[in-house]
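Reader: I have a structure open in front of me and would love to talk it through with you. Shall we take it step by step?

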Amino acid sequence: MKLRQKFMVCALAAVMTVGSVVNVSAAGLNNSPTADVTASDPDSGVTVSNDFAETEEFADIQQVMPEVADMITQVNEGTMEMDAFIEELNNIVAGIEDEEVKAAMEEAIKSLDGMTFITDFNLMNIPEDMEKNENDKYEVTFNVPSITDQTQNIKLLLINKEGEVYGVKIIEPKDINWETKEITVEFDELETNGFISFVADIAE
């Protein structure tokens, strides 16, 4: 498993079939989740949009996993808290038989403990012809106005489809520029399309 990513792969598809639902949350504290996330380089071809209700991507997740589509909607409405999200993830883990997937999810859940959603979910698309960086990754810098001195340990939460399976990943940023409020993240080839939200610890 890569050190910079903790995977929850296949678990959504494997467990949703027996009725478990993942309820993702948005908690307020000192930072209310905001839709204001953009790609810093307008010429990169990367698109980031909170207006995805009529997109093919959202239609697909509504058809394949309506529970997850509802989850994304509720996050953006700000009606659930992170504690509920973690509780439902733990319920999912309890129904997983694959020990490798189960261990990956348990590790990921630990990394979410105490965290808060600082942005809404946005639909991200990275163009296939985008040039990769020195690490053979697609490097994207996001402008995230909601980060402040109180937001610490920022991570990116990605819900995306790999093949026929939707999964959840937590990705640590490559770099954070606190002055310009920009967060740089590296993506693999299978991570170029999906729903993203930034999460963080909120300092008191």
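Reader: How many bridges pair S6 with strand S10?

Author: Happy to start there, keeping in mind that this is a predicted model. S6 and strand S10 (residues 182-187) run antiparallel to one another. Phe 142 of S6 stands opposite Ile 183 in S10. The count of bridges for this pair is 6.

Reader: Is Phe 142 on the covered or the uncovered face of S6?

Author: S6 has two faces. Glu 139, Thr 141 and Asn 143 make up the uncovered one. Phe 142 goes with Tyr 138 and Val 140, and that face is covered.

Reader: Which residue in S6 stands opposite Thr 38?

Author: Here we turn to S2, which is joined to strand S6 (residues 138-143) by 2 bridges, again in the antiparallel sense. The residue facing Thr 38 belongs to the uncovered face of S6. That residue is Asn 143.

Reader: Which strands stand at the edges of the sheet?

Author: The sheet is open, with 4 strands in the order S2-S6-S10-S9 and antiparallel pairing. An edge strand has a single partner strand, so one side of it is left without a neighbour in the sheet. The edge strands here are S2 (38-39) and S9 (175-177).

Reader: Is Glu 87 buried, partly exposed or exposed?

Author: Glu 87 sits in helix H4 (residues 82-94) and joins Glu 81, Asp 83 and Asp 113 in a negative surface patch. Its relative accessibility is 49%, and exposed would need over 50%. Glu 87 therefore counts as partly exposed.

Technical notes:
Residues are numbered from 1 along each chain as its sequence is written. This is a predicted model: local features need pLDDT of at least 70, side-chain atom pairs count only at pLDDT 80 or more; totals for chains, interfaces and linings use all residues. Side-chain values use heavy atoms; hydrogens and water are left out. Patches are made of residues with over 30% relative accessible area and no salt bridge: like charges are joined within 9 Å, nonpolar side chains (Val, Leu, Ile, Met, Phe, Trp, Tyr) within 5 Å. Accessible areas come from the Shrake-Rupley method with a 1.4 Å probe; for residues, only the protein chains shown count as cover. A salt bridge is a side-chain nitrogen of Lys or Arg within 4 Å of a carboxyl oxygen of Asp or Glu. Lys and Arg count as positive and Asp and Glu as negative; His and the chain ends are not counted. The place of a charge is taken as NZ of Lys, CZ of Arg, CG of Asp or CD of Glu. Buried means under 20% relative accessible area, exposed over 50%, partly exposed in between (1.4 Å probe, protein chains only). Two strands pair if DSSP finds at least two bridges between them.
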